[in-house]
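Trainee: Could we go through this structure together? I would like to learn how each label is justified.

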Amino acid sequence: MIKISVIVPVYNNEKFLEKCLNSLCNQTLNDIEIICINDGSKDKSLEILKKFNQKDKRIKIISQKNQGPSIARNNGIEISSGEYIGFVDSDDWIDLNYYEKLYTAAKKYNADIAVCGIKRLRSYKWKYHLKITKAEITEDTNEKFEICDVPEKCYVFNKIYKREELIKNNIYFEPYVFYEDRCFTTEALIHLKKLVTVPDIYYNYWTNNNSIVKTKSPKKFKDSEYTHEKMMNIIKANNVNLDHYRTKIKKFKIFGLTIYKIKYYKLKKEYIIFNHIKFSINK
């Protein structure tokens, strides 16, 4: 059995696609399949895919009319044959030992999900968008949500998922909506049991101002509200505790005057001195 099926939706992304594919073809884990779903691209994306396919037969090209990333990913899941499934957006790239480390950790602990950190590049400046500093293993749903910083960061791409568990629990992307990853990630963290974290590797996320998500429209606004409400209903129905997202403030006073405050929010503590000077540390 192939170890990992990597699903890559592709739509008009000729500018970034080669870097993405190079990072996949040069993975230190060789036993992967790279399923590229050409979602009706009108630029040179399909030409680039065919060029890479000639050099690397692990690349499978599936062409469909433009239907959006949800249907592209769902079609990729259906034809995949890997033990685990990973998702990569075609304008991003991954560390070269990315899948080897994720797969090794998942197999070592018989985990249904392996998750790593995210680095975001914006205007040629790096930022750690999600940092994993140590290996942790848990089946506790609340801990899984806290580790992955969900619901704020409902990303599908910095994880691998055991394929048979996704199929068994009927976890797919809802078609024809934006922000489709919110509910997929939420369902996966709830229904797939064991999660392991993998430090020192990163999914590299390029903030593309021309991407589907970044461009604005009335439908995107409506879909954002819809998927957020649906996600929160799933969370509520499954009794997930989001206390780590609630803001708490402690005040310290002298003679009735507030000298400083400590604001607890998510996994951080923020110190506010005389309402002006602020600094934060991780809890």
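**Labels and the values behind them**

Mentor: Happy to! Let us start with tyrosine 176, which lies in the loop between α6 and α7. Keep in mind that this is a predicted model.

Trainee: Why is tyrosine 176 called exposed?

Mentor: Its relative accessibility is 52%. The label exposed applies over 50%, so tyrosine 176 counts as exposed.

Trainee: What makes the phi of tyrosine 176 worth a remark?

Mentor: Phi is positive there, about 65 degrees, although tyrosine 176 is not a glycine. Most residues other than glycine have a negative phi.

Trainee: Which other residue has a positive phi without being glycine?

Mentor: Asparagine 170 is one, with phi near 55 degrees. Asparagine 170 is also found in the loop between α6 (163-168) and α7.

Trainee: How do you know whether asparagine 170 is buried or exposed?

Mentor: Use the cut-off again: exposed means over 50%. Asparagine 170 has a relative accessible area of 57%, so it is exposed.

Trainee: What about asparagine 30 and asparagine 74: where are they found?

Mentor: Asparagine 30 is in the loop between α1 (17-25) and β2 (32-39), whereas asparagine 74 is in helix α3 (residues 69-79).

Trainee: Why do asparagine 30 and asparagine 74 get their labels, buried or exposed?

Mentor: Asparagine 30 has 56% relative accessibility, so it counts as exposed. Buried means under 20%, and asparagine 74, at 11%, therefore counts as buried. Leaving out residues up to four places away in sequence, asparagine 74 touches Tyr172 and Phe173. As for asparagine 30, its C-alpha atom is 9.5 Å from that of isoleucine 4, a residue 26 places apart from it along the chain.

Trainee: Why is isoleucine 160 called buried?

Mentor: Its relative accessible area is 0%. The limit for buried is under 20%, so isoleucine 160 is buried. You will find isoleucine 160 in strand β9. Not counting residues up to four places away in sequence, it touches several residues, including Ile4, Tyr84, Leu102 and Ile113. Tyr99 is also one of its contacts. Isoleucine 160 and tyrosine 99 are 61 residues apart in sequence, and their C-alpha atoms are 8.4 Å apart in space.

Trainee: Let us turn to cysteines. How do you know that cysteine 36 is not in a disulfide?

Mentor: A disulfide needs two cysteine sulfur atoms within 2.5 Å. The closest cysteine sulfur to that of cysteine 36 belongs to cysteine 20 and is 7.3 Å away, which is too far for a bond, so cysteine 36 has no such partner. A search of the whole structure finds 0 disulfides.

Trainee: What makes cysteine 36 and cysteine 116 buried?

Mentor: Cysteine 36 has a relative accessible area of 0%, and cysteine 116 also has 0% relative accessibility. Buried means under 20%, so both get that label.

Trainee: Which residues of α1 are buried?

Mentor: They are Leu17, Cys20, Leu21, Ser23, Leu24 and Cys25. These buried residues pack against several elements, among them β1 (4-10), β2 and α4 (98-108).

Trainee: Now a helix pair. Why is α7 called roughly parallel to α8?

Mentor: Helix α7 (residues 181-191) and helix α8 (residues 218-237) pack at an angle of about 10 degrees, with their axes 9 Å apart. Angles under 35 degrees count as roughly parallel, so α7 is roughly parallel to α8.

Trainee: Which residues meet where α7 packs with α8?

Mentor: In α7, they include Arg182, Thr186 and Ile190; in α8, they include Ser224, Lys230 and Ile234. By class, the contact of α7 with α8 has 5 nonpolar, 4 polar and 3 charged residues.

Trainee: Which peptide bond is cis?

Mentor: The one joining valine 150 and proline 151 is cis, with omega about 20 degrees. Most peptide bonds are trans. Proline 151 is in the loop between α5 (141-147) and β9 (159-162).

Trainee: To finish, how many helices and strands are in the protein chain?

Mentor: The chain has 8 helices and 14 strands. Of its 283 residues, 49% are buried.

Conventions. Residues are numbered from 1 along each chain as its sequence is written. This is a predicted model: local features need pLDDT of at least 70, side-chain atom pairs count only at pLDDT 80 or more; totals for chains, interfaces and linings use all residues. Side-chain values use heavy atoms; hydrogens and water are left out. Buried means under 20% relative accessible area, exposed over 50%, partly exposed in between (1.4 Å probe, protein chains only). Axes are lines fitted to C-alpha atoms, for helices over the stretch in contact, and angles run from 0 to 180 degrees between N-to-C directions. Helices (H or I, at least four residues) and strands (E, at least two) are DSSP runs, numbered from the N terminus. Angles under 35 degrees count as roughly parallel, over 145 as roughly antiparallel, 65 to 115 as roughly perpendicular and the rest as oblique. Contact means heavy atoms within 4.5 Å. Ala, Val, Leu, Ile, Met, Phe, Trp, Tyr, Cys and Pro count as nonpolar, Asp, Glu, Lys and Arg as charged, and the others, Gly among them, as polar.
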